[in-house]
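Trainee: Could you zoom in on one part of this structure for me and go through it slowly? I'd like to start from a single residue and work outwards from there.

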Amino acid sequence: MVNKLKLEELNRIDVETFKKVEKIPLVVVLDNIRSMHNVGATFRTADAFLVQKIILCGITPQPPHREIHKAALGATESVDWSYEADINVTINDLKSQGFEVVGIEQTTNSQMITDFKIDNTKKYAVILGNEVEGISDESLQNIDSFIEIPQLGTKHSLNVSVCGGIVMWEFAKALK
């Protein structure tokens, strides 16, 4: 017989311990995200994979907010985050700290995530763009490389939080 594990059987760490645990060298940047659900879900996934930090840019909503909390389920308390209005300030700051900046976007020089070689000796920042417009046009030339997720159906894109989950998982596997 199979039973679901009870919460106490999952052996999850508490927020205080999470803050002290070594994180993977990955920062997630949310560029002009409209949906509070996408923001909250990204926080929750970042918590699951021990992401170093989330940076909210432009119009992206910031915690605390009830709608963000509904999807984050407390992850806004565990995952470090900051806000910066200008995406290019964020990109330049990350580069000055030694991060390779990767845009998750369909561009003329993007490569499939399955072909992108994640170097476990590097630090990465991944940028997820607006639900409709994608990554801000004014930042494209400032980004080091672009990756996209293969899609075989009729749609042109994935939901931001779904895309973020796939990307964070791929980087977490390679950087742990």
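**A close look at T42 and its surroundings**

Mentor: Let's start with T42: leaving aside neighbours within four places in sequence, T42 is in contact with V28, L30, I54, S161 and M168. Keep in mind as you look that this is a predicted model. T42 sits in helix α2. Its relative accessible area is 1%, and buried means under 20%, so T42 counts as buried.

Two of those contacts, S161 and M168, take us to another helix, α6. On the α2 side of this meeting you'll find H37, N38, A41, T42, T45 and A46. Facing them from α6 are V160, S161, G165 and M168. The two helix axes are 8 Å apart and make an angle of about 15 degrees. Angles under 35 degrees count as roughly parallel, so α2 and α6 are roughly parallel to each other. As for the handedness, α2 passes α6 in a right-handed crossing.

Now follow α6 into the interior. The largest nonpolar core has 32 residues, and α6 gives the most to it, with seven residues. Our starting helix, α2 (36-48), is also among the elements that give two or more residues, along with β1 (24-31), β2 (51-57), α3 (66-72), β4 (99-104), β6 (123-128) and α6 (160-175). Within that core, L26 and F171 touch the most other members. Take F171 as your next stop: not counting residues up to four places away in sequence, F171 touches L26, F116, I118, Y124, V126 and I147. There is a second core too, separate from this one, with 14 residues, including I87, L94, A125 and I143.

How does this fit with the database record? UniProt, in an unreviewed entry, lists residues 26-169 as "domain: tRNA/rRNA methyltransferase SpoU type". In the model, the C-alpha atoms at the two ends of that span lie 11 Å apart. The span is 31% helix and 24% strand.

From here, let's step out to the loops, where the backbone does a few things worth a look. Most residues other than glycine have a negative phi, and most peptide bonds are trans. N32, in the loop between β1 and α2, goes the other way, with phi near 55 degrees. L73 isn't a glycine either, yet its phi is positive, about 50 degrees. You'll find L73 in the loop between α3 and α4 (75-78). Is L73 buried or exposed? With a relative accessible area of 54%, L73 is exposed, since exposed means over 50%.

The peptide bond to check is the one joining P63 and P64: this bond is cis, with omega about 0 degrees. P64 lies in the loop between β2 and α3. For a last look, jump to D115, in the loop between β5 (111-112) and β6. D115 has a relative accessible area of 47%, which falls between the 20% and 50% limits, so D115 is partly exposed. D115 and P64 are 51 residues apart along the chain, and 37 Å separates their C-alpha atoms.

So when you go back to the picture, begin at T42 in α2, cross over to S161 and M168 in α6, and then carry on to F171 and the residues it touches.

Definitions and conventions. Residues are numbered from 1 along each chain as its sequence is written. This is a predicted model: local features need pLDDT of at least 70, side-chain atom pairs count only at pLDDT 80 or more; totals for chains, interfaces and linings use all residues. Side-chain values use heavy atoms; hydrogens and water are left out. A nonpolar core is a set of buried Ala, Val, Leu, Ile, Met, Phe, Trp, Tyr and Cys residues joined through side-chain atoms within 4.5 Å. Buried means under 20% relative accessible area, exposed over 50%, partly exposed in between (1.4 Å probe, protein chains only). Helices (H or I, at least four residues) and strands (E, at least two) are DSSP runs, numbered from the N terminus. Contact means heavy atoms within 4.5 Å. UniProt positions are given in the numbering used here, feature names are shortened, and annotations may be inferred rather than shown by experiment. Axes are lines fitted to C-alpha atoms, for helices over the stretch in contact, and angles run from 0 to 180 degrees between N-to-C directions. Angles under 35 degrees count as roughly parallel, over 145 as roughly antiparallel, 65 to 115 as roughly perpendicular and the rest as oblique. A crossing is left-handed if the near helix is turned anticlockwise from the far one by less than a right angle, and right-handed if clockwise.
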